[in-house]
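Got the viewer open? Load the model and follow along, one selection at a time.

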Amino acid sequence: MLSTRRTQSAANAVGDRPLHHFQAIPYLNAGRQHSSGGASAAAPPYSFLASRAKPQHHSNPYPWKRHVFRLLLFFLFGFLFGLYPFAELDDFPLLSPTTASSSSSISTDNNLPRRDLVALLPSGPQEIEIHGFDDKTHTMDELPDLSRNGKLLIVVTPTYNRASQGYYLNRLGQTLRLVPPPLLWIVVEMNVASVETSEILMDTGVVYRHLVCKKNSTNIKDRGVHQRNTALEHIQRHRLDGIVYFADDDNVYSLELFEQLRKIRRFGVWPVAMLSQSKNKAILEGPVCNGSQVIGWHTNEKSKRLRRFHVDMSGFAFNSTIIWDPRKWHRPNSDAIRQLDSVKEGFQETTFIEQIVEDESQMEGLPKGCSRIMNWHLHLDSRNLVYPKGWQVPNNLDTIVRLKVQLSQGKHLT
């Protein structure tokens with residue numbers, strides 16, 4: 001009876017207190033000891049609940065902080081998710097004929113609009129802008145069939161600020177405008193893209209890409225080498241499939257040349273007419289061909305007779321896949337193909353070609369027999385000439401007017 005009273009009194013004490021307090025825990029231990037000792041009284045029915053009760057913590061005075069944190073976290077995740085490039089969009093004109101046909105069928109099924117002759121390639125840190133001659137959006141039914149015109153022509157032009165730059169770029173741009181597409185004109189400037197050059201490129205109506213070569217000009221021996229290498233890096237990065245041709249802006253080109261370029265499978269070469277350094281005679285530099293087979297070379301300069309291949313920079317073109325797909329052409333190594341600035345002047349062409357082909361057997365002479373001159377290297381650029389800013393004259397130039405004065409003796413002065 002004594003133990004029963006103690007148990008009941010403890011139970012009453014527990015009943016007077018909230019169940020979530022820690023005072024219930026000693027009672028439970030005591031109740032278990034008495035029951036194990038043979039006590040007839042059972043534990044209260046709510047003792048199980050009391051044993052599982054947890055202490056109540058103080059409520060959070062700022063419950064909105066957790067919701068704000070979650071909101072910011074999901075916003076950051078969605079922002080990064082939207083920036084991730086899930087797929088690359090290659091423009092229809094910049095594809096090879098086989099790829100273009102398959103891409104055309106896919107776009108037709110999905111009925112997706114595409115942009116006519118505008119490059120939609122991912123941009124790199126040195127790429128300035130892309131532009132085409134038509135900003136209208138067309139469906140695939142409205143686009144012309146460009147695959148029948150042949151391979152993509154990738155024309156690389158290094159340029160720099162000088163008095164005749166505007167004239168040369170306009171002349172070359174108007175020539176390229178007459179070439180049937182697909183054609184991509186890559187123009188490279190040093191250090192900064194000038195506004196004047198950008199305006200000329202936009203007015204030509206040619207699909208172009210304006211790049212900038214970031215190099216320290218004090219350590220550069222040949223500016224054009226680094227500008228062409230910038231274009232080669234761009235072609236390799238985007239895996240452009242076509243025929244690469246180095247076209248300086250001061251040369252003269254015929255439309256027949258660009259027709260012949262699309263016949264090249266690996267590496268094409270042809271003779272170029274040049275003015276000698278004295279500018280008093282024309283010389284010929286390039287291959288001697290038997291049909292399309294190269295069997296010799298034209299050269300008239302003794303200083304360049306040690307070269308392996310006697311070719312002008314504008315006298316050859318090659319398949320762009322050689323740069324970024326060495327397995328296709330069974331190249332012994334996968335080193336990057338670039339022009340060298342460390343070689344002697346006049347040897348940039350031959351050292352570059354030696355990275356692409358092993359000998360003349362891997363070359364194709366254009367046109368058949370190499371019997372036609374398709375471009376001219378004239379060296380007519382004048383130095384030490386000034387030109388107005390923006391190539392525009394804000395005021396009228398001063399003029400000298402010759403006056404004729406009649407004298408009384410019948411003589412006159414001019």
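**Stop one: a helix pair**

Start by selecting Gln 165, Gly 166, Leu 169, Asn 170, Gly 173, Gln 174 and Arg 177 in H6, then add Thr 197, Ile 200, Asp 203 and Thr 204 in H7, which they meet. Contact here means heavy atoms within 4.5 Å. Sorted by type, the residues of this contact come out as two nonpolar, seven polar and two charged. For that sorting, Ala, Val, Leu, Ile, Met, Phe, Trp, Tyr, Cys and Pro are nonpolar, Asp, Glu, Lys and Arg are charged, and the others, Gly among them, are polar.

A word on what you're looking at: this is a predicted model, where local features need pLDDT of at least 70 and side-chain atom pairs count only at pLDDT 80 or more, while totals for chains, interfaces and linings use all residues. Residues are numbered from 1 along each chain as its sequence is written, and side-chain values use heavy atoms, with hydrogens and water left out.

Now show H6 (residues 165–177) and H7 (residues 195–204) as cartoons: they pack at an angle of about 20°, with axes 9 Å apart. Helices (H or I, at least four residues) and strands (E, at least two) are DSSP runs, numbered from the N terminus. The axes are lines fitted to C-alpha atoms, for helices over the stretch in contact, and angles run from 0 to 180 degrees between N-to-C directions. H6 and H7 are therefore roughly parallel to each other, a label for angles under 35 degrees.

**Stop two: an open sheet**

Next, pick out the five strands that form an open, mixed sheet in the order E8-E15-E10-E11-E12. Two strands pair if DSSP finds at least two bridges between them. E8 (252–253) and E12 (293–298) are the edges, each with a single partner strand, so one side of each has no neighbour in the sheet.

Select E10 (residues 272–275) and E15 (residues 375–377): they pair in the parallel sense over two bridges, and His 377 in E15 is the bridge partner of Met 274. On to E11 (residues 282–290), which runs antiparallel to E10 and is joined to E10 by four bridges; look for Val 272 opposite Glu 285.

E11 and E12 are also antiparallel, with five bridges, and Val 288 has Gly 296 in E12 as its bridge partner. Zoom in on the hairpin of E11 and E12, with two residues between the strands: Gly 291 takes a positive phi near 70° there.

**Last stop: colour by confidence**

Colour by pLDDT, the predictor's confidence in each residue, from 0 to 100. The chain's mean is 74, and 60% of its residues reach 70 or more. Select residues 1–43, where pLDDT is below 50.

Notes
Parallel < 35°, antiparallel > 145°, perpendicular 65-115°, else oblique.
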